Amino acid sequence: MWQAAIKHVTGIAESARTISTDNKGGVRVFQLDQQLQIVSMENSEKTELVLLACGSFNPITNMHLRLFELAKDYMNGTGKYKVIKGIISPVGDAYKKKGLISAHHRVFMAQLATKNSEWVEVDTWESLQKEWVETAKVLRHHQEKLEAGSCDHQQGSPVLERPGRKRKWAEQRQDFSHKKSLEPKTKGVPKVKLLCGADLLESFGVPNLWKREDITQIVGDYGLVCITRAGNDAQKFIYESDVLWKHQNNIHLVNEWITNDISSTKIRRALIRGQSIRYLVPDVVQEYIEKHNLYSSESEERNVGVILAPLQRNIAEANS
């Protein structure tokens with residue numbers, strides 16, 4: 001056994017001492033300790049993340065889907081996190097935003113858009129609530145679901161072994177354990193973070209749109225992964241907000257180097273004007289919109305004159 005161990009260590013040392021020639025004909029040697037540092041970093045514990053995007057998705061666009069990919073690449077690239085899931089949570093009809101069509105259609109379009117995704121899914125809980133739900137509560141709902149699921153997983157029933165197959169099962173279990181040991185370790189229950197654009201950061205400054213305690217809870221207890229668009233100075237807005245400045249270490253700003261200014265508002269405007277939206281939304285979403293004639297001058301007038309749900313609630317509570 002000890003001979004095999006010595007052989008294994010020697011193999012690592014030999015592979016670590018890779019020799020290459022530089023432009024001057026000299027020799028550069030990568031020492032064993034450098035190789036071991038890399039191995040140590042790769043096997044360090046990572047926090048599993050679930051990215052949650054809340055919003056109207058009226059309709060969902062290719063830009064919404066790109067946000068998830070940009071955020072995943074960035075967070076995984078830090079070496080501290082491992083993104084395991086993305087969740088799209090369309091707001092309910094009680095939000096009362098101008099031009100907001102039925103949640104049934106918005107949810108279905110989001111499901112069509114993500115049907116081929118291996119990691120992004122649509123959750124209907126928020127959209128099914130009779131009253132508008134604060135974003136902080138939506139985050140808490142999904143974090144509690146993850147915690148409950150973790151408890152269920154830890155308390156799961158043992159797997160029964162079939163008679164006569166104990167040896168094969170033991171071999172499979174040993175092989176599985178070996179594979180798991182090679183994977184990066186993760187820390188406990190996955191954490192939920194709010195995925196958003198820089199416009200959400202700016203909306204924190206709109207009077208009565210957000211409760212200060214909700215902002216504190218969102219950035220303090222959960223955190224933001226914010227994709228910056230062209231023309232947005234997110235860092236400046238964080239500097240100008242005492243709450244955001246206090247929790248700036250929990251706000252991850254992701255630069256969108258390949259700029260993309262697609263928005264749901266522009267999609268609806270194009271549809272009303274009879275212009276093409278192809279390549280701006282997934283083809284299946286475009287087909288669904290056309291089939292049901294979802295957006296028109298009439299649909300854009302929906303909720304006109306109605307106070308937005310968060311403004312109405314927060315103003316009422318402030319005056320009570």
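Let's start inside helix 4, where Ala103, His105, Arg106, Val107, Met109, Ala110, Leu112 and Ala113 are buried. That is 8 of the 11 residues in the helix, which runs over residues 103–113, so helix 4 is largely enclosed by the rest of the structure. Please keep in mind that we are looking at a predicted model. What do these buried residues pack against? Their partners are helix 3, strand 4 (81–90), strand 5 (120–122) and helix 12.

Now compare that with helix 11. Here the buried residues are Ser264, Ile267, Arg268, Ala270 and Leu271. If you look down the axis of helix 11, these buried residues fall within an arc of 160 degrees, so they line one face of the helix. If you are wondering how the spacing works, an α-helix has 3.6 residues a turn, so residues three or four places apart point the same way. The buried residues of helix 11 pack against helix 3, helix 12 (283–292) and helix 13 (297–300). Just after the helix, have a look at glycine 274, which follows helix 11 and has a positive phi, near 75 degrees.

From there, let's move to the nonpolar cores. In soluble globular proteins, nonpolar side chains tend to be buried together. The largest nonpolar core in our model has 38 residues, and the members that touch the most others are Leu51, Ile60, Phe68, Ile88, Met109, Leu195 and Ile289. You'll recognise Met109 from the buried residues of helix 4. Several elements give two or more residues to this core: strand 3, helix 3, strand 4, helix 4, strand 5, strand 7 (224–228), helix 11 and helix 12. Which element gives the most? That is helix 3, with 6 residues.

Let's zoom in on one member, isoleucine 60. Setting aside neighbours within four places in sequence, isoleucine 60 is in contact with Leu65, Ile88, Met109, Ala110, Ala113, Val281 and Val285. Apart from the core we have been discussing, there is another core, of 37 residues, with Leu100, Ala136, Val138 and Ile218 among them.

Right beside isoleucine 60 in the numbering is proline 59, which sits in the loop between strand 3 and helix 3. The peptide bond from asparagine 58 to proline 59 is cis, with omega near 5 degrees. Why mention it? Most residues other than glycine have a negative phi, and most peptide bonds are trans.

That brings us to two residues with a positive phi. Lysine 96 has a phi near 65 degrees, a positive value in a residue other than glycine. You can find lysine 96 in the loop between strand 4 and helix 4. Asparagine 293 has a positive phi too, of about 50 degrees, although it is not a glycine. Its place is the loop between helix 12 and helix 13. Are these residues buried or exposed? Lysine 96 has 35% relative accessibility, so it counts as partly exposed. Asparagine 293 has 59% relative accessibility, and therefore counts as exposed.

Let's turn to the empty spaces. Rolling a probe the size of a water molecule over the atoms shows where empty space is left. The largest pocket has a volume of about 1,000 Å³. Its lining has 37 residues, and the closest to the pocket centre are Cys54, Gly55, Ser56, Lys97 and Asp199. The elements that give two or more residues to this lining are strand 3 (47–55), helix 3 (62–77), strand 6 (191–197), helix 7 (198–203) and helix 11 (264–272). By class, the lining has 19 nonpolar, 11 polar and 7 charged residues.

The second largest pocket has a volume of about 200 Å³. Among the residues lining this second pocket are Met63, Arg66, Tyr74 and Trp257. Helix 3 turns up again here, giving the largest share of the lining, 5 residues.

There is also 1 cavity of 30 Å³ or more, and the largest cavity holds about 60 Å³ of space. Its lining includes Trp132, Trp210, Lys211 and Asn314, and the lining residues divide into 4 nonpolar, 2 polar and 3 charged.

One last stop: valine 189, in the loop between helix 6 (166–182) and strand 6. With 22% relative accessibility, valine 189 counts as partly exposed. Not counting residues up to four places away in sequence, valine 189 touches Gln143, Leu146, Glu147 and Ser150. Valine 189 and glutamine 143 are 46 residues apart in sequence, yet 9.0 Å apart in space, C-alpha to C-alpha.

Notes. Residues numbered from 1 in each chain as written. Predicted model: local features only at pLDDT ≥ 70, side-chain atom pairs only at ≥ 80, totals over all residues. Heavy atoms only, no water. 1 Å grid on protein atoms, 1.4 Å probe; cavity = no way out; pocket = protein on both sides within 12 Å on 5 of 7 lines; lining within 4 Å. Points joined across faces, edges and corners; volume = space filled by probe spheres on them. Nonpolar A, V, L, I, M, F, W, Y, C, P; charged D, E, K, R; others polar. Helix = DSSP H or I, 4+ residues; strand = E, 2+ residues; numbered from the N terminus. Buried < 20%, exposed > 50% of the residue type's maximum accessible area, 1.4 Å probe, protein only. Contact = heavy atoms within 4.5 Å. Arc of directions from axis to C-beta. Core = buried A, V, L, I, M, F, W, Y, C linked by side-chain atoms within 4.5 Å.
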